[in-house]
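Okay, thanks for coming, everyone. I'll put the sequence and the structure up, and then walk you through a few spots I'd like you to look at.

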Amino acid sequence: MLAGIDKLNFFVPPYYVDMTDLALARDVDPGKFHIGIGQDQMAVTSITQDIVTLAANAAAHLLTKEDKETIDLVILGTESSIDESKAAAVILHRLLGIQPFARSIEMKEACYGATAGLQLAKDYVLRHPGRKALVIACDIARYGLNSGGEPTQGAGAVAMLVTENPRILALSDESVALTQDIYDFWRPTGEAYPVVDGPLSNATYIDSFVKVWQEYQNRYQQDWQAFDAMCFHIPYTKMGKKALLAGLEGVDANISETLLTRYEESIAYSRQVGNLYTGSLYLGLLSLLEHSENLVPGSKIGLFSYGSGAVAEFFTGTLVAGYKQHLQKTAHQELLQNRQKLTIPEYEALFTKELTNENLAKNSDQTPYRLVAIKDQVRYYQE
Ligand code: HMG
C-alpha cells in the first residue's frame, strides 16, 4: 500500500510589500533583493493572524465531513509557537471540527518540523488502513525591521492531508536524515527574533544537502537522472539554487538544465511570499506542481528539508495518476493577486503594532479565521 499527500493547499496573509520599495527604504540596490536574494514580494501579517488562524485558513476548505471523521492525527509543524505548553494543534482540532478521538501535537525543529510530521503521518496511515492525518506547516518568519534577515521574512501555512492511496504524491520509504548540533539560527525562549549567523546558515544548508544527497545515492543506488524534479526548503529563492548547483557540479548538462528549469517552477510562489519556515519546502512543491507542464504521473520528485540547528532530510515521492485534478492553481493565484500592497510606513506600523484587545478590535482583517480578543491569557478566534 502507498501513503502520501492526498490534498494540498496554502494560505498567506492578505498583505505584502514590494521588494523594490523595501530596498529603496533601506538604501539598498533593488538588484540585491530581486537577483541576489531572489525575492520580489514579501508576505506581511497583521496582529489578527497567528499560527492557529493561518493554519485554519489553509486547512478549512480542504476537509470534507468524511475527512473530519477519519483524521486521527493533527500535526502542526512550527517554530512560531503561541504557547510553551499547549499545542496550537489542539485549538486547530476544535476550529476544524475533527473527530474527538484524535492526537493533536505541535512539532518543532526550526524549518524541519513539518517534515518530521509528514513522515510520522505517513507511517501512521500505513499502519491504520482507512484513517487519515492532517499535517500543517505554519510560521511567521520575523527577523526585525532593518535587520540583515529582513528581506527574507514571510508568513503563511501549507496544509496537507495524508492518506493511503493518495491522489497527489505517493511518498517513498527511501529517505536520509542528518542531525548536526550547530548554531546557525536559533531563537532562545522569550526572544522575539532569532539569532542568526547568515553565512554559517548558508554554508550549513549547502553542506547538509550535499551530505544527505551523497548518502542517499550510496544507500539507494540512485543518481540525478532518476529524478524529474528536486524541491528545496526555500528561505529565499536563491538559497535552494545554490545547493542544487553545488550538487550538480560535473553532472550531464541536459540533466542539469532540466532540474534547474524545474527549480525555477518550484520558486514561483516563494518569490511572492518569502520564507514560510516550515512551510517553504511544501510551498515549493505546490508551486512546482502548479507551474510545470513537464511533469506527468510517475514523475519522481526529490525533496530537501532543512531546519537550522540543524536537521536535514532528503526524501522522495512519485506523482500519482490524475494529480493535476486535485490542485487549486486558480484559487492560489487569486489569493496572491488579491493581497493588498503596503507602503513601507504601513508595513512598519503593522509590524510593530502591539497585540492588545483595543488594536484587535480596530483591525479590518476579514479573513475567515482571525484572532479577535485575548482574555485571561486565552485567545479567542472568529470562526
Ligand atoms: P546579506 O549580508 O544581506 O547579503 O545576507 P549578501 O551580501 O550575502 O548578498 C546576498 C547576495 O546578493 C550575494 O550573492 C550578493 O553578491 C548579491 P551570492 O554571493 O550569495 O550569490 N548582491 C547582488 N546581486 C545583484 N545586484 C546587486 C547585489 N548586491 C548584492 N546590486 C542573508 C543575506 C541571506 C545571509 C541574510 O538575509 C540572512 O541572514 N537571512 C536569514 C538567514 C537565512 O535565510 N539563511 C538561509 C539558510 S538557513 C535556513 O534556510 C533555515 C531558516 O529558514 C531558518 C529555520 O530553519 O528555521 C533560515
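So, to start: which residue in β6 is the bridge partner of I71? It's K132. Keep in mind while we go through this that what you're looking at is a predicted model.

Let me stay with β6 for a bit. The strand covers residues 132-141, and it has neighbours that run in opposite senses. With β4, residues 71-77, β6 pairs in the parallel sense, over six bridges, and the I71 to K132 pair belongs to the bridging between these strands. Then there's β7, residues 154-164, which runs antiparallel to β6 and is joined to it by nine bridges. If you want a residue to click on there, take V135: its bridge partner in β7 is M160.

Now, is β6 buried or exposed? Buried: 10 of its 10 residues count as buried, so the strand is largely enclosed by the rest of the structure. And that goes for both faces. On one side you have K132, L134, I136, C138 and I140, and on the other A133, V135, A137, D139 and A141. Notice that K132 and D139 are on those lists of buried residues too.

Okay, over to the surface. Have a look at Y183, in the loop between β8 (169-179) and β9 (185-186). Y183 has a relative accessible area of 52%, and the cut-off for exposed is over 50%, so Y183 counts as exposed. Together with W186 and V195, Y183 forms a nonpolar surface patch, and the accessible area of the three together is about 280 Å².

Another loop residue, for contrast: K86, between β4 and α5 (88-96). Its relative accessible area is 45%, which makes K86 partly exposed. Leaving out residues up to four places away in sequence, K86 touches I91 and E106. And if you want a sense of distance, K86 and Y236 are 150 residues apart in sequence and 31 Å apart in space, C-alpha to C-alpha.

Last bit, the overall layout. The domain assignment splits the chain into domain 1, which is 3-169 plus 327-382, and domain 2, which is 171-320. How far apart are the C-alpha centres of the two domains? 20 Å. As for the contacts between them, 60 residues of domain 1 are in contact with 49 residues of domain 2.

That's my tour, so over to you.

Notes. Residues numbered from 1 in each chain as written. Predicted model: local features only at pLDDT ≥ 70, side-chain atom pairs only at ≥ 80, totals over all residues. Heavy atoms only, no water. Patch = residues over 30% accessible without salt bridge, like charges linked within 9 Å, V, L, I, M, F, W, Y side chains within 5 Å. Areas by Shrake-Rupley, 256 points an atom, 1.4 Å probe, with all protein chains shown as cover. Salt bridge = Lys/Arg side-chain N within 4 Å of Asp/Glu carboxyl O. Helix = DSSP H or I, 4+ residues; strand = E, 2+ residues; numbered from the N terminus. Buried < 20%, exposed > 50% of the residue type's maximum accessible area, 1.4 Å probe, protein only. Pairing = 2+ DSSP bridges. Domains from an automatic or database assignment. Contact = heavy atoms within 4.5 Å.
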